[in-house]
Amino acid sequence: HYPLRRQRQMCIRDSSFGTRVTGFIRAPISGSYSFAVSGDEVVQLYLSTDANPANKTLIASTSAATAFRDFSANASQQSAARTLVAGQKYYVELLHKEDTGADHWSVGWKQPGDAAFSIVPGTALMMPGTDLATPSAANLFNTLASEHPRLGSTRERFQWLKQQYLSPNPSAAKTRAQSLISEANTDVANNTQHYGNEFPRLACAWWLTGNSVYAEQVWEHTVNTMATGDYTVKWKGATLRSLAFAYDWLYPYWDNTRRTTLLNFLINNGLNSQSNNYGNNIGILNDSGFIMASLAVGMDNESKGESNLSKAISQLVQKVDQWEPNNGAWLEGTGYGILAKLGLSDGMLSMETALGSTFGVSRTPGFFAARREPLSIASNTRQIFSFSDVGTGSNFRMGWANWWARRFDAPEIY
């Protein structure tokens with residue numbers, strides 16, 4: 001639950017902290033369910049008899065550290081059997097207290113007929129807020145984080161990644177950061193632009209290293225984009241996506257003159273002249289670009305930001321809904337489909353970090369269907385083929401799939 005006008009979303013990775021997780025469980029089938037918890041150190045799991053948090057009761061807990069996903073260290077970790085009705089929503093809440101040592105918690109369940117506990121899958125969970133109706137345009141910014149960056153990342157998240165990058169210890173995060181720096185160096189050396197993806201890459205490189213070369217390269221691309229970018233109906237939102245990244249992620253670096261220049265351009269050449277009714281995959285990419293530009297502008301022009309965000313969300317839902325009957329894709333060329341999902345994941349993640357919720361948008365049926373598309377990877381070269389079998393495949397990077405993997409608990413699509 002997000003407060004009004006909070007400063008930012010925080011990422012905590014340390015000792016001596018507490019975590020509170022809330023949401024809803026929807027049972028896939030009716031029957032008797034048992035739940036279990038594990039964690040380090042203290043974990044308490046509450047479940048309601050319905051969707052009302054007031055009816056929650058403590059059903060499982062551990063007051064001493066357990067091994068990762070060890071559900072049998074003590075009897076209190078496992079709940080008594082509870083009858084759940086398929087499709088009904090049940091409020092669930094977890095409290096976790098970390099002191100020292102490992103930081104983890106897990107929740108498992110036994111579905112009707114199961115002999116052992118398994119992790120509750122994301123398909124049975126609803127994030128708090130994802131079942132909410134989208135607020136009216138005048139109220140969309142009620143929970144907007146006031147601090148930049150807020151589009152898909154935060155100051156704390158960048159600082160954590162920098163710690164991993166500088167750490168002498170190997171980690172997946174460090175490897176990815178090193179790879180990103182290498183790619184950013186190539187961006188600088190080649191001085192080329194490719195679908196605007198170099199904007200967030202170069203900005204992230206600045207956060208990791210503090211090297212102004214990366215930020216200045218973004219400014220050079222920004223000036224060029226403002227002067228010669230494609231602002232036709234077909235590509236305008238995609239162009240605004242790049243400028244939104246530039247404004248938001250490098251906000252601490254820009255001086256007041258550059259901030260004002262970028263902000264005024266986003267408002268006057270973007271939000272003040274929205275023409276965003278293009279369909280299919282490019283339309284989805286455009287809608288996401290307008291979502292990001294609106295969130296980047298935020299309270300600097302509340303009426304324009306909220307009205308453009310409202311329109312973009314409305315159009316986006318109508319288009320994404322068409323993915324459901326088509327197995328998670330428009331029956332269109334591969335590259336266009338991947339471009340759409342690249343922009344779409346950026347837009348949804350930006351809503352989560354800037355507003356604290358996608359307000360039910362990500363529960364549009366087409367989103368869940370779209371998570372299956374990466375499974376059509378056909379070779380060890382990671383070529384991807386669309387459902388329409390158009391062309392010879394695509395070598396687009398798969399980073400856009402990470403949001404789907406996290407949102408729908410589908411790690412197989414990483």
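These are my notebook entries on a few residues, helices and bonds that I looked up in a predicted model.

**Entry 1: H96**

I began with H96, which I found in strand β6, the stretch of residues 89–98. I asked myself whether H96 is buried or exposed. The relative accessible area of H96 is 5%, and because the cut-off for buried is under 20%, I wrote H96 down as buried. I then looked at what surrounds this residue, and noted that the side chain of H96 reaches the backbone oxygen of D40 at 2.7 Å. Setting aside residues up to four places away in sequence, I listed the residues that H96 touches as F17, G18, T19, D40, E41, V42, V43, H104 and W105.

**Entry 2: the bond after D40, and another like it**

Since D40 and E41 had both come up among the contacts of H96, I looked at the bond between them. The peptide bond from D40 to E41 is cis, with omega near 5 degrees, and E41 sits in the loop between β2 (31–40) and β3 (42–48). I paused over this, as most peptide bonds are trans. I also noted a cis peptide bond that joins H148 and P149, where omega is about -5 degrees; P149 belongs to the loop between β9 (125–126) and α1.

**Entry 3: R69**

My next residue was R69, whose place is in the loop between β4 (56–62) and β5 (82–84). What is the sign of phi at R69, which is not a glycine? I read a positive value of about 60 degrees for R69, and I reminded myself that most residues other than glycine have a negative phi. With a relative accessible area of 44%, R69 is partly exposed.

**Entry 4: helix α1 and its contact with α2**

I moved on to helix α1, residues 155–166, where I picked out K162. K162 is partly exposed, at a relative accessible area of 31%. Leaving aside neighbours within four places in sequence, I found K162 in contact with W207 and L208. The C-alpha atoms of K162 and W207 are separated by 7.2 Å, although these two residues are 45 residues apart along the chain.

How are α1 and α2 (residues 172–190) packed, and at what angle? I noted an angle of about 95 degrees, with the two axes 8 Å apart, which makes α1 roughly perpendicular to α2. On the α1 side the contact is made by W160, L161, Q164 and Y165, and on the α2 side by A173, K174, A177, Q178 and I181. I sorted the residues of this contact into 6 nonpolar, 2 polar and 1 charged.

**Entry 5: salt bridges**

How many salt bridges does a search of the whole structure find? The search gives 8, and I followed up some of them. In one, the side chains of E147 and R155 meet at 3.4 Å, N to O; here E147 is buried at 14% relative accessible area, while R155 counts as partly exposed at 27%.

In another, the side chains of R176 and E183 meet at 3.8 Å, N to O. R176 is partly exposed, with a relative accessible area of 41%, whereas E183 counts as buried at 19%. E183 also forms a salt bridge with R201, the closest N and O atoms being 3.9 Å apart. Because E183 lies in helix α2 and R201 in helix α3 (residues 198–209), this pair ties together parts that are 18 residues apart in sequence. I closed the entry by noting that R176, E183, D187 and R201 are linked in a network of salt bridges.

Terms used: Residues are numbered from 1 along each chain as its sequence is written. This is a predicted model: local features need pLDDT of at least 70, side-chain atom pairs count only at pLDDT 80 or more; totals for chains, interfaces and linings use all residues. Side-chain values use heavy atoms; hydrogens and water are left out. Helices (H or I, at least four residues) and strands (E, at least two) are DSSP runs, numbered from the N terminus. Buried means under 20% relative accessible area, exposed over 50%, partly exposed in between (1.4 Å probe, protein chains only). A polar contact is a pair of N or O atoms within 3.5 Å; within protein, one must be able to donate a hydrogen and the other to accept it, and residues adjacent in sequence count only if both atoms are side-chain atoms. Contact means heavy atoms within 4.5 Å. Axes are lines fitted to C-alpha atoms, for helices over the stretch in contact, and angles run from 0 to 180 degrees between N-to-C directions. Angles under 35 degrees count as roughly parallel, over 145 as roughly antiparallel, 65 to 115 as roughly perpendicular and the rest as oblique. Ala, Val, Leu, Ile, Met, Phe, Trp, Tyr, Cys and Pro count as nonpolar, Asp, Glu, Lys and Arg as charged, and the others, Gly among them, as polar. A salt bridge is a side-chain nitrogen of Lys or Arg within 4 Å of a carboxyl oxygen of Asp or Glu.
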